[in-house]
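The following exercises concern a predicted model. Each task is followed by a solution in steps.

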Amino acid sequence: MERAKQPARRMMLSVETVMTTRSGVRLMLTVWVLALATTVGAQTAPKPYEPTVGQAGKDVVWVPTPQALVEKMLDLGQLTPNDYLIDLGSGDGRTVITAARRGSRALGVEFNPDMVALARRSATEAKVGDRAQFVEGDLFEADLSKAQVITMFLLPSINMKLRPKLLGLKPGTRIVTNSFTMEDWMADETVNVTENCSSWCQALLWVVPAKVEGTWQTPQGPLVLQQTFQMLNGTFGGTSLVDAKLRGEQIMFTVGTVKYTGTVSGTSMKGTTSTGATWTATKP
Ligand SMILES: C[S@@+](CC[C@H](N)C(=O)[O-])C[C@H]1O[C@@H](n2cnc3c(N)ncnc32)[C@H](O)[C@@H]1O
């Protein structure tokens with residue numbers, strides 16, 4: 001910005017040097033040149049872009065997540081430095097930059113090029129430009145397959161449009177939203193921030209569940225599972241399951257008085273029971 005003003009300053013100096021005789025004319029010209037310099041300066045050094053809360057976006061307006069909720073969303077998503085986070089509709093980049101400050105790699109996808117430029121500047125100022133990246137693009141086109149954590153502050157209707165893609169991600173992928181739900185795919189956890197947050201203060205977490213619907217073979221008889229998102233119903237050796245659910249690849253259910261916990265890995269499951277026994281199941 002400073003360099004852009006140099007031609008205007010040089011013009012002022014050369015005109016002043018020539019006009020040494022008639023002081024009145026000199027004064028008038030100096031005033032005129034000053035005015036011109038101000039205009040030229042203003043034209044060559046535009047004000048930095050400043051977004052306005054509520055400004056239009058492609059599918060949803062820009063409203064920033066309060067910083068206290070950004071922190072809570074990352075806590076809820078159990079973000080670690082080994083994780084890669086994607087923020088869909090990244091706005092001024094605050095979630096991505098906060099993730100990068102925690103040592104994670106993070107990507108913001110944002111349709112508005114001015115917001116992308118602003119976010120990149122802020123990431124550089126925060127000295128996390130190497131870990132915080134921003135792409136200008138449509139969030140519906142983004143490749144989400146590499147993310148362990150996905151954050152969104154969009155709209156319920158957009159969440160619903162994204163839902164099939166989110167459910168198809170690797171089991172265990174964490175999805176965290178600011179405030180908005182995904183209808184009958186109930187959140188695994190919901191947290192409210194009460195300090196330093198006056199609006200948009202709720203974070204919701206979903207963990208993409210493994211796909212377990214069907215009949216599994218076990219030495220104790222068939223384990224029959226019906227799945228609705230992370231919620232399970234079914235039978236084990238003919239006895240109904242109680243409190244059966246998934247959290248990513250972790251499965252848990254109770255049969256009679258025995259609690260089963262285990263891990264799903266493709267077409268096999270294994271785990272332990274509350275009685276200290278081990279159990280396995282496979283899907284033909
Ligand atoms: C409510 S703001 C959230 C900003 C940021 N994630 C936060 O939590 O502070 C939604 C953002 O999504 C952007 N957006 C809207 N439609 C989009 C689209 N189809 N693709 C990418 N970004 C979009 C808007 O420009 C806006 O910056």
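**Exercise 1.** Determine how many bridges join strand S1 to S2, and whether these strands run parallel or antiparallel.

*Solution.* Begin with strand S1, which covers residues 84-88. Five bridges join strand S1 to S2, and the two strands run parallel. A position within this pairing can then be located: Leu85 stands opposite Ala106 in S2.

**Exercise 2.** Place these strands in their sheet and identify the edge strands.

*Solution.* First, write down the strand order, which is S3-S2-S1-S4-S5-S7-S6. The sheet is open, has seven strands and shows mixed pairing. Next, look for strands that pair on one side only: these are strand S3 (132-136) and strand S6 (189-192), the edge strands. Finally, consider the twist: on average, neighbouring strands of this sheet are turned by 20 degrees against each other, direction ignored.

**Exercise 3.** State which strands helix H4 touches and which strands helix H5 lies across.

*Solution.* Take H4 first. H4 packs on the sheet and touches S1, S2, S3 and strand S4 (149-152). The direction of H4 makes about 175 degrees with that of S2. Turn then to helix H5, residues 113-125, which lies across S2 and S3. Helix H5 runs at about 170 degrees to S3.

**Exercise 4.** Describe the shell around the ligand by its number of residues and their classes.

*Solution.* The ligand is surrounded by 23 residues, of which the closest are Gly57, Lys58, Thr65, Gly89 and Gly91. Sorted by class, the shell has nine nonpolar, eight polar and six charged residues. Helix H4 (94-101) and strand S2 (105-110) each supply at least two residues of this shell.

Conventions. Residues numbered from 1 in each chain as written. Predicted model: local features only at pLDDT ≥ 70, side-chain atom pairs only at ≥ 80, totals over all residues. Near = placed C-beta within 6 Å. Helix = DSSP H or I, 4+ residues; strand = E, 2+ residues; numbered from the N terminus. Nonpolar A, V, L, I, M, F, W, Y, C, P; charged D, E, K, R; others polar. Pairing = 2+ DSSP bridges. Axes fitted to C-alpha atoms, helices over the stretch in contact; angles between N-to-C directions. Contact = placed C-beta atoms within 7 Å.
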